[in-house]
Amino acid sequence: MTVATHSPAPRLTRSTPVHLQPASSGLWRVLDAHGHILGHLERAGDEGEGRWRARRLNPLRRRFQSLGEFWSPDDAVDCIRYL
């Protein structure tokens with residue numbers, strides 16, 4: 001049996017009304033203030049590279065849309081929030 005270990009959530013430096021909830025190792029759900037899923041934030045590469053992937057949930061199509069890679073978790077979360 002394999003047990004997934006969750007890495008610590010990235011520290012957001014901007015004040016944003018979202019929560020990050022661990023989904024798997026290196027992957028977090030981005031939730032709004034009401035607990036609704038907005039998307040996923042994923043570490044891209046190793047921890048030294050500091051790149052982040054953003055995916056936005058499209059509820060009508062019931063799937064996630066890739067938004068790209070970013071150099072900071074703040075930029076990735078902002079893209080998820082404002083798209």
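**Notebook: contacts, sheet and core**

I began with Arg43, which touches Gly26, Trp28, Arg51, Trp52 and Arg53 when residues up to four places away in sequence are not counted. I record at the outset that the model is predicted. Arg43 lies in strand β3. Is Arg43 buried or exposed? I found a relative accessibility of 19% for Arg43. The cut-off for buried is under 20%, so Arg43 counts as buried.

**Entry on the aromatic residues**

Two of the contacts of Arg43 are tryptophans, Trp28 and Trp52, and I followed them next. I asked how many aromatic pairs a search of the whole structure finds. The search returned one aromatic pair. Its members are Trp28 and Trp52, in a tilted arrangement with 6.0 Å from centre to centre and 50° between the planes. The pair links distant parts of the chain, for Trp28 belongs to strand β2 (residues 27-31) and Trp52 to strand β4 (residues 51-58), 24 residues apart. I then looked up the accessibility of each partner. Trp28 is buried, with a relative accessible area of 1%. Trp52 is buried as well, and its relative accessible area is 5%.

**Entry on the sheet**

I next asked in what order the strands are arranged. Five strands make up an open sheet, ordered β1-β2-β3-β4-β5, and their pairing is antiparallel. At the edges I noted β1 (19-24) and β5, each of which pairs on one side only. Neighbouring strands of the sheet are turned against each other by 30° on average, with direction ignored. For a closer reading I chose β2 and strand β3 (residues 37-44). These two pair in the antiparallel sense over five bridges. I also noted that Leu27 has Glu42 of β3 standing opposite.

**Entry on the nonpolar core**

In soluble globular proteins, nonpolar side chains tend to be buried together. I therefore looked up the largest nonpolar core, which has 13 residues. Which residues have the most contacts inside this core? I listed Val30, Leu41, Ala54, Ala76 and Ile80. The elements giving two or more residues to the core are β2, β3, β4, β5 and α1. Of these, α1 gives the most, with three residues.

I took Ala76 from the list for a separate look. Leaving out residues up to four places away in sequence, I found Ala76 touching Leu41, Trp52, Ala54 and Phe70. Trp52 thus appears again in my notes, here as a contact of Ala76.

**Entry on Ser72**

I turned to the loop between β5 (63-70) and α1 (73-82), where Ser72 is found. Ser72 has a relative accessible area of 19% and is buried. Which residues does Ser72 touch, not counting those up to four places away in sequence? I recorded Gly50 and Trp52.

**Entry on Thr16**

My last residue was Thr16, in the segment before β1. Thr16 is buried, since its relative accessible area is 18% and the cut-off is under 20%. Setting aside neighbours within four places in sequence, I found Thr16 in contact with Asp78 and Arg81. I also looked up the separation of Thr16 and Ala33: they are 17 residues apart in sequence and 9.5 Å apart in space, C-alpha to C-alpha.

Conventions. Residues numbered from 1 in each chain as written. Predicted model: local features only at pLDDT ≥ 70, side-chain atom pairs only at ≥ 80, totals over all residues. Heavy atoms only, no water. Helix = DSSP H or I, 4+ residues; strand = E, 2+ residues; numbered from the N terminus. Buried < 20%, exposed > 50% of the residue type's maximum accessible area, 1.4 Å probe, protein only. Contact = heavy atoms within 4.5 Å. Phe/Tyr/Trp six-rings, centres within 6.5 Å; stacked < 30°, edge-to-face > 60°. Pairing = 2+ DSSP bridges. Axes fitted to C-alpha atoms, helices over the stretch in contact; angles between N-to-C directions. Core = buried A, V, L, I, M, F, W, Y, C linked by side-chain atoms within 4.5 Å.
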